[in-house]
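The exercises below ask the reader to examine one protein model element by element. Each task is followed by a solution worked out in steps.

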Amino acid sequence: YLGHPLAYVCNYASGTVSVVDLNQHINYMDIKVGDGALAIDINKQSELAYVTNFFANTLSVINLQSNIVIDTIAVGSYPAGVKVSRNGRYVY
């Protein structure tokens, strides 16, 4: 965690999420998730990001403090989107 604004961008073809430093306009790092990384949503309260992996049929959970995948959850076929509830208790 760099302590300033970051953007997390799914890279469908490479199965990664780029962490972009918005102050310096550089790609800080890439996080390997799963095949067909398609959608991402962030829970600011828990500092977790959730990424759907379209071809892997999984949901990756990224800890935003360490930028490491902490869990991979099997989901239905071809997940195309993800949304964290306002209270952070549910991921759809």
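**Exercise 1: Two positive phi angles**

Tyr78 has its place in the segment after β7. The model is a predicted one.

Task: State which sign phi takes at Tyr78, and determine where Asn67 is found.

Solution. Step 1: Phi of Tyr78 is near 50°, a positive value in a residue that is not glycine. Step 2: Asn67 belongs to the loop between β6 and β7. Step 3: Asn67 also has a positive phi, of about 55°, although it is not a glycine. Step 4: The relative accessible area of Asn67 is 5%; the limit for a buried residue is under 20%, so Asn67 counts as buried.

**Exercise 2: The open sheet**

Task: Give the order in which four strands form an open sheet, and identify which strands stand at the edges.

Solution. Step 1: The order is β4-β5-β6-β7, with antiparallel pairing. Step 2: The edges are taken by β4 (37-43) and β7 (68-74). Each of these has a single partner strand, so one side of each is left without a neighbour in the sheet. Step 3: From one strand to the next, the twist averages 20°. Step 4: Within this sheet, β5 and β6 (residues 58-63) run antiparallel and are joined by six bridges. Ala49 stands opposite Ile62 in β6.

**Exercise 3: Three strands and two hairpins**

Task: Describe how β1 and β2 pair, and how β2 is joined to β3.

Solution. Step 1: Six bridges connect β1 and β2 in the antiparallel sense. Among the residues involved, Tyr8 has Val19 in β2 as its bridge partner. Step 2: The hairpin of β1 and β2 has four residues between the strands, and Gly15 takes a positive phi near 65° there. Step 3: β2 is joined to β3 (residues 26-32) by six bridges, and these strands run antiparallel. Thr16 has Lys32 in β3 as its bridge partner. Step 4: The hairpin of β2 and β3 also has four residues between the strands, and in this hairpin His25 takes a positive phi near 55°. Step 5: Five of the six residues of β2 are buried, so β2 is largely enclosed by the rest of the structure.

**Exercise 4: The nonpolar cores**

Task: Determine how many residues the largest nonpolar core has and which element gives the most to this core.

Solution. Step 1: The largest nonpolar core has 12 residues, including Leu6, Tyr8, Val19, Ala49 and Ile62. Step 2: The elements that give two or more residues to this core are β1 (6-11), β2 (16-21) and β5. Step 3: With three residues, β1 gives the most. Step 4: A second, separate core has seven residues, among them Ala39, Val61, Val82 and Val84. Step 5: As a general point, nonpolar side chains in soluble globular proteins tend to be buried together.

**Exercise 5: The surroundings of Asn53**

Task: Decide whether Asn53 is buried or exposed, and find which side chain makes a polar contact with its side chain.

Solution. Step 1: Asn53 lies in strand β5 (residues 48-53). Step 2: The relative accessible area of Asn53 is 0%, so Asn53 is buried. Step 3: The side chains of Asn53 and Ser60 make a polar contact at 2.9 Å. Step 4: With neighbours within four places in sequence left aside, the contacts of Asn53 include Val33, Gly34, Asp35, Thr58 and Pro79.

**Exercise 6: Links across the sequence**

Task: Find how many salt bridges the structure holds, and state how many residues apart Gln45 and Gly88 are along the chain.

Solution. Step 1: The structure holds one salt bridge. Step 2: Its partners are the side chains of Asp41 and Lys83, at 3.8 Å from N to O. Step 3: This pair links distant parts of the chain, as Asp41 is in strand β4 and Lys83 is in the segment after β7, 42 residues apart. Step 4: Asp41 is buried, with a relative accessible area of 16%. Step 5: Gln45 lies in the loop between β4 and β5 and counts as exposed at 61% relative accessibility. Step 6: Gln45 and Gly88 are 43 residues apart along the chain, and their C-alpha atoms are separated by 7.1 Å. Step 7: Leaving aside neighbours within four places in sequence, Gln45 is in contact with Arg86, Asn87 and Gly88.

Key: Residues are numbered from 1 along each chain as its sequence is written. This is a predicted model: local features need pLDDT of at least 70, side-chain atom pairs count only at pLDDT 80 or more; totals for chains, interfaces and linings use all residues. Side-chain values use heavy atoms; hydrogens and water are left out. Buried means under 20% relative accessible area, exposed over 50%, partly exposed in between (1.4 Å probe, protein chains only). A polar contact is a pair of N or O atoms within 3.5 Å; within protein, one must be able to donate a hydrogen and the other to accept it, and residues adjacent in sequence count only if both atoms are side-chain atoms. Contact means heavy atoms within 4.5 Å. A nonpolar core is a set of buried Ala, Val, Leu, Ile, Met, Phe, Trp, Tyr and Cys residues joined through side-chain atoms within 4.5 Å. Two strands pair if DSSP finds at least two bridges between them. Axes are lines fitted to C-alpha atoms, for helices over the stretch in contact, and angles run from 0 to 180 degrees between N-to-C directions. A salt bridge is a side-chain nitrogen of Lys or Arg within 4 Å of a carboxyl oxygen of Asp or Glu.
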